[in-house]
Amino acid sequence: MRLGFWSEGDHMSIRMPAALAVGSLVLVAGCSGGGDDAKGDAPPTTAESSSTDSQPQYGNFADFPGKDFATTEPGMLLGVRVKPVDTRWTPELAGSSAEAGKHFVAVYVAVTGELPDRGVQDVKLKYLRLKYKSTEQVCDFGESGYCFGDAYPSSALADLDDVREDAGSDWQNYSWSESFLGSDVEQGATKVGVVGFSISDTEKATSFELCGPTKEVEVDTDDFPCVPIKTPDRS
């Protein structure tokens with residue numbers, strides 16, 4: 001900050017030190033914002049710098065609200081816990097487009113190892129199933145009358161910090177990529193992903209559940225553990 005300058009040959013008057021002192025006080029007060037006005041301006045600046053902090057920032061699997069279930073992919077010795085976090089009605093997901101006359105019900109999930117003291121390798125979401133009572137077709141697989149949609153596409157699992165950095169709390173805007181080889185979930189870690197289920201545009205079902213196989217039940221979808229998911233907004 002430049003309070004004043006001297007030209008060569010200038011002569012100091014008796015009043016100059018006092019004038020400079022007063023000018024310095026005025027400039028310093030102006031730079032600091034001063035008094036009550038500074039206090040009034042501070043909160044908006046703080047809010048702007050931490051706008052993302054007002055959004056939910058979950059760090060661990062247990063922090064996410066809702067129910068979860070344990071599922072084990074066929075042929076795997078260790079399973080994972082899966083918790084649906086959000087749903088979306090979308091024509092495209094993870095680089096794939098839904099067929100004409102259909103959309104994807106995208107289910108965003110948090111995933112952690114079934115056992116807290118060990119990790120799980122090559123985790124895939126493609127074995128998850130969407131359970132619902134159809135309003136336009138009779139499902140002839142199983143005896144419950146429920147339909148079970150196959151998972152496609154299914155994303156690779158991502159670190160929560162990477163999703164936040166790229167998309168904030170809006171997971172829908174993250175650049176999800178389809179999973180081909182599976183993802184590792186380290187001991188105690190929480191990862192996130194999305195899986196899609198193709199549904200007819202004319203389907204009026206409003207009750208959906210997310211399900212998955214276990215070591216004991218690998219094929220019979222009627223006996224898969226399931227948890228309810230939010231009906232996606234089609235507007």
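# Cavities, disulfides and sheets

By class, the lining of the largest cavity holds 6 nonpolar, 1 polar and 2 charged residues. Ala, Val, Leu, Ile, Met, Phe, Trp, Tyr, Cys and Pro count as nonpolar, Asp, Glu, Lys and Arg as charged, and the others, Gly among them, as polar. The model is predicted, so local features need pLDDT of at least 70 and side-chain atom pairs count only at pLDDT 80 or more, while totals for chains, interfaces and linings use all residues. Residues are numbered from 1 along each chain as its sequence is written, and side-chain values use heavy atoms, with hydrogens and water left out.

## Enclosed space

On a 1 Å grid over the protein atoms alone, a cavity is a set of points where a 1.4 Å probe fits but cannot get out, a pocket is an open set with protein on both sides within 12 Å along at least five of seven lines, and lining residues have an atom within 4 Å of a point. Grid points are joined across faces, edges and corners, and a volume is the space filled by probe spheres set on the points.

There are 2 cavities of 30 Å³ or more. The largest cavity has a volume of about 50 Å³, and its lining consists of Thr71, Glu73, Val80, Val82, Lys124, Leu125, Tyr127, Leu128 and Pro213. The second largest cavity has a volume of about 30 Å³. Around this second cavity you will find Thr71, Thr72, Glu73, Met76, Leu78, Gly79, Val80, Val120 and Val123, a lining that divides into 5 nonpolar, 3 polar and 1 charged.

## The strands around Val82

Val82, part of the lining of the largest cavity, is a handy place to start on the strands. Strands (E, at least two residues) are DSSP runs, numbered from the N terminus, and two of them pair if DSSP finds at least two bridges between them. Strand β1 (residues 69-71) and strand β2 (residues 80-90) run antiparallel and are joined by 3 bridges; here Val82 in β2 is the bridge partner of Phe69. Strand β2 is also joined to strand β5 (residues 102-113) by 10 bridges, again antiparallel, and in this pairing Val82 stands opposite Val111 of β5.

The loop between β1 and β2 contains Leu77. With a relative accessible area of 75%, Leu77 is exposed (buried means under 20%, exposed over 50%, partly exposed in between, with a 1.4 Å probe and protein chains only). Leu77 and Lys215 are 138 residues apart in sequence, yet their C-alpha atoms are 7.8 Å apart in space.

## Two disulfides

A search of the whole structure finds 2 disulfides, a disulfide being a pair of cysteine sulfur atoms within 2.5 Å. With bonded cysteines counted along the chain, the pattern is 1-2, 3-4.

| Disulfide | S to S | Torsion about S-S | Hand |
|---|---|---|---|
| Cys139 to Cys147 | 1.4 Å | about 75 degrees | right-handed |
| Cys211 to Cys226 | 2.1 Å | 105 degrees | right-handed |

The link of Cys211 and Cys226 ties together distant parts of the chain: Cys211 sits in strand β12 (residues 208-211) and Cys226 in strand β13 (residues 226-229), 15 residues apart. Cys211 is buried, at 0% relative accessibility, whereas Cys226 is partly exposed, at 22%. As for the other disulfide, both Cys139 and Cys147 are buried.

## The sheet with β12 and β13

These two strands belong to an open sheet of 4 strands, with the order β8-β7-β12-β13 and antiparallel pairing. Its edge strands, β8 and β13, each pair on one side only. From one strand to the next the twist averages 30 degrees; axes are lines fitted to C-alpha atoms, and angles run from 0 to 180 degrees between N-to-C directions. Between β12 and β13 there are 4 bridges, and Cys211 has Cys226 as its bridge partner in β13, so the two residues joined by a disulfide are also bridge partners across antiparallel strands.

## The largest pocket

About 310 Å³ of space lies in the largest pocket. It is lined by 24 residues, and closest to its centre are Arg129, Cys147, Phe148, Gly149 and Asp150. Strands β7 (129-132), β8 (147-150) and β11 (190-200) each supply at least two residues of the lining, with β8 giving the largest share, 4 residues. By class, the pocket lining has 12 nonpolar, 5 polar and 7 charged residues.
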